Amino acid sequence: FFLIAIDIDHGMLSSHKAIRAHQQQSDNYIRNLCYNTMSSKNNDDNNNDEDHRVTLKNGSVIQLHSEPQSLAKTTGWMTWNASVALIDYLQSPHCKNDDIGSHNIMADLSTGNGLVALAAAYLGASSVVATEVPSCSALTRVNVECNPTVKDLIQVKDYLWGDDTCPIQGCDLVLACDLLFIAIRDSIYEQLHKALVDICKGNKKLLFAYEERIVNKEQAFMANIAKELKVEAVPDDHIEVTNDGDDMFYEPPSIRMYFLTMKK
């Protein structure tokens, strides 16, 4: 099972050079969810780094390191809702047996802190490719090294949307979490569209997950994707969203998941 992750950065220019710059400044800053996660802050007052432990349902414990230095450098700092829901889905009875298993090649597109890629490895993937922008992949590599049980199963690759060569090839399943909001916000949705189509051409299946934020534009994006790819929605009752309990009236936004494949 082969999993690859790709991260997006901000910017407003349309040229490939500008897109690369935007992606290198990507801001994965959504709040950290209570996904069976315990945070232990470094006691050094001059160090804002944090370490986290995430426990999966099979008992595996993922070790994560984060560096919340500023809102301008936030990729890998927080885990977004869709990543948490996707990991829950991969562990649920709803996920088909051929979507995750001990002999499958997986990939995680825009992996950020590497949580989804690491979860794939701990859940039985035979190998995992995790992609990130060059300016952020160092943190991904740190987190892979923090997990010696699976570190030899994971390859971290630099990758920017729009690159001519994609390191995601021959995977049974590619995971892509919470990329759509940034693509729409930074006007690089055409590059995301191309990346998803290119990935589906060279891989068996892609699981695309996102948290609803700009519904009309997100729906328009998915309608355009459906013109080139087969789109199968994961039923809403198969998707779990964790509420962190900070506000008794808080209701988390909807998570959408779709399996994308090439049309025959």
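## A buried aspartate in a loop

Aspartate 178 counts as buried, because its relative accessibility is 3% and the cut-off for burial is under 20%. The residue lies in the loop between strand S8 (173-177) and helix H5 (180-185), and its backbone carries a positive phi, near 55°, although aspartate 178 is a residue other than glycine. As with everything that follows, this description refers to a predicted model.

Serine 187 offers a second case of a positive phi outside glycine, with a value of about 55°. This serine is found in the loop between H5 and helix H6 (189-202), and at a relative accessible area of 38% serine 187 is partly exposed, whereas aspartate 178 is buried.

## The chain and the confidence of the model

The protein chain has seven helices and eleven strands, and 54% of its 264 residues count as buried. Of the contacts with a separation of 6 or more, 74% are accounted for by residues 24 or more positions apart. The chain exposes about 12000 Å², and carbon and sulfur atoms supply 49% of that area.

The average pLDDT of the protein chain is 78, with 69% of the residues scoring at least 70. Over residues 1-47, however, the pLDDT is below 50, and this stretch nevertheless has 204 contacts in the model beyond near neighbours in sequence. Among the elements, strand S2 (residues 37-41) has the lowest mean pLDDT, at 38, while helix H7 (residues 215-225) has the highest, at 97.

## Helices H2 and H3

Helix H3 (residues 115-122) is mostly covered, with eight of its eight residues buried; Leu115, Val116, Ala117, Leu118, Ala119, Ala120, Ala121 and Tyr122 are the residues concerned. After H3 comes glycine 124, whose phi is positive and near 120°.

Ten of the ten residues of H2 are buried, so that this helix too is mostly covered. Its buried residues include the polar and charged side chains of Asn81, Ser83 and Asp88, alongside others such as Val84, Leu86, Ile87 and Leu90. The cover over the buried residues of H2 includes strand S5 (105-109), H3, S8, strand S9 (206-211) and strand S11 (255-262).

How do H2 and H3 pack, in terms of angle and axis distance? Helix H2 (residues 81-90) and H3 meet at an angle of about 10°, and their axes are 10 Å apart. Because angles under 35 degrees count as roughly parallel, H2 is roughly parallel to H3. In this contact Ser83, Leu86 and Ile87 of H2 meet Leu115, Val116 and Ala119 of H3, and the residues taking part divide into five nonpolar, one polar and no charged. An α-helix has 3.6 residues a turn, so residues three or four places apart point the same way. Such a spacing separates Ser83 from Leu86 and Ile87 in H2, and Ala119 from Leu115 and Val116 in H3.

## Asparagine 147 and glycine 59

Is asparagine 147 buried or exposed? Asparagine 147 counts as buried, because its relative accessibility is 0%. The residue is found in the loop between helix H4 (137-145) and strand S7 (154-158). Not counting residues up to four places away in sequence, asparagine 147 touches Val61, Ile62, Gln63, Leu118 and Tyr122, and both Leu118 and Tyr122 are among the buried residues of H3.

Tyr122 also enters a comparison with glycine 59: the C-alpha atoms of glycine 59 and tyrosine 122 are separated by 9.5 Å, although the two residues are 63 residues apart along the chain. Glycine 59 has its place in the loop between strand S3 (50-55) and strand S4 (61-66), and with a relative accessible area of 48% glycine 59 is partly exposed.

## Aspartate 158 in strand S7

Aspartate 158 is found in strand S7, and its relative accessible area of 38% makes aspartate 158 partly exposed. Leaving aside neighbours within four places in sequence, aspartate 158 is in contact with Glu132, Val133, Pro134, Ser137, Arg141 and Pro167. The C-alpha atoms of aspartate 158 and cysteine 136, which are 22 residues apart along the chain, are separated by 8.9 Å.

How values were computed:
Residues numbered from 1 in each chain as written. Predicted model: local features only at pLDDT ≥ 70, side-chain atom pairs only at ≥ 80, totals over all residues. Heavy atoms only, no water. pLDDT = per-residue confidence, 0-100. Helix = DSSP H or I, 4+ residues; strand = E, 2+ residues; numbered from the N terminus. Contact = heavy atoms within 4.5 Å. Buried < 20%, exposed > 50% of the residue type's maximum accessible area, 1.4 Å probe, protein only. Areas by Shrake-Rupley, 256 points an atom, 1.4 Å probe, with all protein chains shown as cover. Axes fitted to C-alpha atoms, helices over the stretch in contact; angles between N-to-C directions. Parallel < 35°, antiparallel > 145°, perpendicular 65-115°, else oblique.
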